[in-house]
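User: I would like to go through this model and ask how each label is earned. Please set the values against the criteria.

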Amino acid sequence: MGRTRTAITSILFAAASVSALADAQVQEDAAAERAAETESRMTNEERTNLTLGLMAMEFAGVKSPEGSIPGAGYVPGVPRLGVPALRETDASLGVTWIGGARGDGATALPSGTAQGSTWNPELIELGGQTIGAEARLKGFNVLLAGGINLMREPRNGRTFEYLGEDPWHSAILGAAAVKGIQSQNVISTMKHFAINPQETGRHFMNVKIDGASLRESDLLAFEIAIERAEPGALMCAYNRTNGPLSCGSKFLLTDVLRDDWGYKGFVMSDWGAVEALDFALAGLDQQSGAQLDEDLFFGEPLLEAASSDPRYRERLGEMVRNILHAIYAVGIGDAVPEKTDEEAPNGGEVALKVAQEGIVLLRNEGGALPLSPDIGSIAVIGGHADAGTPSGGGSSRVMGDDGPSIAIPFLRDGGSGFAALFDRMYHGSAPLDAIREMAKDARVTFRDGRYPSEAALAAAQADVAIVFATQYQTEGFDVPDLSLPGGQDALIAAVAAANPNTIVVLETGGPVVMPWLDDVAGVVEAWYAGARGGEAIADILFGKVNPSGHLPITFPASLDQLPRPQLDGAETVEPGFLGRGEPGQTLEADYTIEGSDIGYRWFARKGEAALFPFGHGLSYTSFEHGKLALAHGDDGITARFEMRNTGERTGADVAQLYLISGPEGPKQRLVGFAKQALEPGETAAVDLTLDPRLLGEWEEGGWHVASGEYRFALGHSAEALGAVQSLGLPEIRLDASGHPVVKN
Ligand code: GLC
């Protein structure tokens with residue numbers, strides 16, 4: 001009988017100790033008080049300066065501001081009042097490389113999808129600490145991280161930057177990342193508020209979605225993440241949401257963010273997302289990368305408006321207090337950090353650990369994996385596996401000190417120098433080297449995969465064939481479909497025909513379809529595995545590490561299963577955001593089709609089976625879940641269950657708790673999860689407290705949990721569900737701030 005331990009009391013809903021809450025409130029008040037005091041001593045010029053952020057990288061004739069270092073942005077401070085300049089760098093995966101302009105690199109964490117696949121908030125917080133520490137070491141005090149947009153559109157070119165398709169999963173992991181970053185006294189953003197679904201037409205597309213659906217999905221992810229992490233800043237998105245541009249939307253930036261949620265930090269625009277001065281009146285606090293806009297609206301125009309229009313005068317004071325609140329609450333100090341070219345001492349180890357826990361074992365027929373280190377011969381094919389592992393492109397790209405091991409041009413450089421941001425680049429940790437290290441006595445051959453015939457010949461002569469297949473994703477460009485590009489499906493089919501003992505290692509930004517799936521023995525999704533990715537992949541393939549990754553996004557069997565089989569704008573908008581479309585061009589995206597039912601929720605509503613469902617992930621051991629007990633009482637809505645390792649080796653499991661129906665009928669929603677390492681035979685008891693907003697509907701300006709029967713099930717994925725347990729609930733109402741409404 002294995003050991004049983006009450007391991008996890010993961011209280012997921014605002015159950016921090018009372019004293020901790022009180023401390024947080026005191027800090028909150030102190031920051032607000034200090035912000036008001038400092039702001040009151042400023043001149044209007046000083047106030048205006050704090051609201052205007054400039055690009056801090058040279059390109060297309062743009063010069064970096066005095067005092068800046070190469071990075072994303074720079075905001076002058078107020079030295080006489082001890083207000084530091086803001087040196088801003090991207091992004092969620094680490095301190096970006098921007099073509100090596102700083103002369104040094106940084107620790108490249110694995111992609112957002114890989115981080116989302118870990119389902120491990122503690123590890124993601126450690127990742128945040130690592131990149132937050134590096135931001136300071138490299139002279140920055142703002143990290144433009146916290147990308148938590150839900151993966152509503154799987155063809156989005158920035159899917160690789162985000163964490164997943166579910167609001168609770170993204171909120172928990174996104175909050176952990178931001179907490180980690182801010183623990184290093186670096187302001188983190190959360191972005192891109194509130195929907196940022198695709199790159200095609202991003203500067204002008206209008207997302208149409210009903211209020212309730214928006215609240216129950218994209219907004220809910222931000223709401224819960226903001227509560228848990230208190231990000232110093234939010235970055236509003238480019239696109240329109242129900243009409244207004246997000247950075248000029250009073251509904252988003254004032255009605256929701258301030259009036260409903262009481263957010264205390266500041267809102268910065270995305271780079272080149274401001275079209276008018278009155279965005280300040282809508283709730284925008286800082287114009288970022290202002291050289292990319294038509295005008296430096298929050299410069300002279302704002303100063304002038306504040307001297308003549310009381311609305312702007314009042315708003316200017318508020319904008320500055322919001323920015324100062326973040327500076328004081330996060331404690332970034334009264335001067336910019338000293339710039340060094342050091343890295344965080346544990347950076348590589350953290351990147352390796354995240355990659356190991358983020359790799360998902362999708363298929364393993366007949367125990368094809370793990371491979372034995374004594375295997376005789378291995379054919380490694382494709383994916384530039386001899387050079388390294390892929391990185392996503394655009395503003396989130398991080399590279400080590402030596403830069404990319406290889407770089408493949410993606411855009412013809414129109415002379416702006418901007419194009420290099422989008423080249424396909426690889427981190428130098430090569431899977432081929434790591435495989436050779438693992439199987440020192442094996443005959444290991446490599447074929448680059450350009451010719452299926454050549455690859456098939458090598459495969460036929462080896463005990464196992466490992467095909468690396470890549471899907472390049474970059475900011476600025478969506479993928480037009482979910483097929484592996486460049487003939488890779490044909491390559492895999494040819495290799496599998498030559499050797500049925502074929503393992504496919506996917507290095508993709510998001511989901512892909514797999515026409516060859518039944519012909520291969522194993523499939524591993526390694527995503528963009530970061531600075532130590534090659535090692536992590538070999539660790540999983542040879543079983544040095546037991547895979548524990550679970551999909552954060554649904555892998556559809558075909559595009560026909562999606563709410564929109566064709567990408568919005570595919571026929572009318574030139575690919576990529578570099579073109580801002582024709583003057584006056586519009587693009588409508590109708591998200592009322594799926595509403596808040598993104599990903600697995602859409603598949604459940606339509607009764608569709610995914611190729612691989614949300615939450616899916618195999619292990620080299622096996623697990624069982626049992627004894628789900630539900631209750632509603634003074635501690636709220638609670639769930640207790642057990643996780644047990646029923647196999648022969650230690651491994652980590654992710655137990656997922658789903659609502660599957662309520663009084664109104666079927667609806668599937670993730671309401672809690674727990675990741676737990678277990679030794680063979682070991683059992684762990686898990687206690688979760690459920691957030692009522694996950695069960696309820698948004699009605700009449702608040703949350704409504706109707707009285708009646710709610711049915712839950714534990715799952716190994718959204719489609720592999722265990723026994724159903726019911727719980728009767730009384731009516732519960734929460735106001736727009738998530739506070740209980742007490743019926744008088
Ligand atoms: C970009 C991105 C944003 C990034 C910013 C600064 O276009 O949308 O995520 O932080 O500009 O590089």
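**Labels and their grounds**

Analyst: A search of the whole structure finds 42 salt bridges. The model is predicted.

User: Why is the pair Glu-475 and Arg-202 called a salt bridge?

Analyst: The closest N and O atoms of Glu-475 and Arg-202 are 3.0 Å apart. The cut-off is 4 Å, between a side-chain nitrogen of Lys or Arg and a carboxyl oxygen of Asp or Glu. The pair therefore counts as a salt bridge.

User: What makes this pair a link between distant parts of the chain?

Analyst: The two residues are 273 residues apart. Glu-475 sits in the loop between β17 (464–471) and α15 (488–498). Arg-202 sits in the loop between β6 (187–193) and β7 (205–208).

User: How is the protein divided into domains?

Analyst: Domain 1 covers 347–554 and domain 2 covers 623–735. Their C-alpha centres lie 35 Å apart. Six residues from domain 1 and nine residues from domain 2 take part in the contact. Here the criterion is heavy atoms within 4.5 Å.

User: How much area do domain 1 and domain 2 bury between them, and which residues of domain 1 supply most of its part?

Analyst: The two domains bury about 540 Å² between them. Of that area, 37% is on carbon and sulfur atoms. On the domain 1 side, Asn-546, Ser-548 and His-550 supply 74% of the buried area, more than any other three residues.

User: How do you know that a salt bridge crosses the interface of domain 1 and domain 2?

Analyst: The rule finds one there. Lys-675 and Glu-357 form a salt bridge, with the closest N and O atoms 2.7 Å apart. The limit is 4 Å, so the pair Lys-675 and Glu-357 qualifies.

User: What else is counted between the two domains, and which classes of residue does domain 1 bring?

Analyst: Four residue pairs are in polar contact between domain 1 and domain 2, both residues at pLDDT 80 or more. The side of domain 1 that touches domain 2 has one nonpolar, four polar and one charged residues.

User: Where does the label "Fibronectin type III-like" come from, and what is the chain like there?

Analyst: The label comes from the UniProt annotation, an unreviewed entry, and covers residues 653–718. Over those residues the chain is 71% strand and 6% helix. The end C-alpha atoms of residues 653–718 are 15 Å apart.

User: Which peptide bonds are cis, and what are their omega values?

Analyst: One joins Lys-191 and His-192, with omega about -5 degrees. His-192 is in strand β6. Another runs from Phe-193 to Ala-194, with omega near 0 degrees. Ala-194 is in the loop between β6 and β7.

User: What makes Ile-98 worth listing?

Analyst: Ile-98 has a positive phi of about 35 degrees, although it is not a glycine. Ile-98 lies in the loop between β4 (86–89) and α3 (112–118).

Definitions and conventions: Residues are numbered from 1 along each chain as its sequence is written. This is a predicted model: local features need pLDDT of at least 70, side-chain atom pairs count only at pLDDT 80 or more; totals for chains, interfaces and linings use all residues. Side-chain values use heavy atoms; hydrogens and water are left out. Domain bounds come from an automatic or database domain assignment. Buried area is the accessible area (1.4 Å probe) that two parts lose on being put together, summed over both. A polar contact is a pair of N or O atoms within 3.5 Å; within protein, one must be able to donate a hydrogen and the other to accept it, and residues adjacent in sequence count only if both atoms are side-chain atoms. Ala, Val, Leu, Ile, Met, Phe, Trp, Tyr, Cys and Pro count as nonpolar, Asp, Glu, Lys and Arg as charged, and the others, Gly among them, as polar. UniProt positions are given in the numbering used here, feature names are shortened, and annotations may be inferred rather than shown by experiment. Helices (H or I, at least four residues) and strands (E, at least two) are DSSP runs, numbered from the N terminus.
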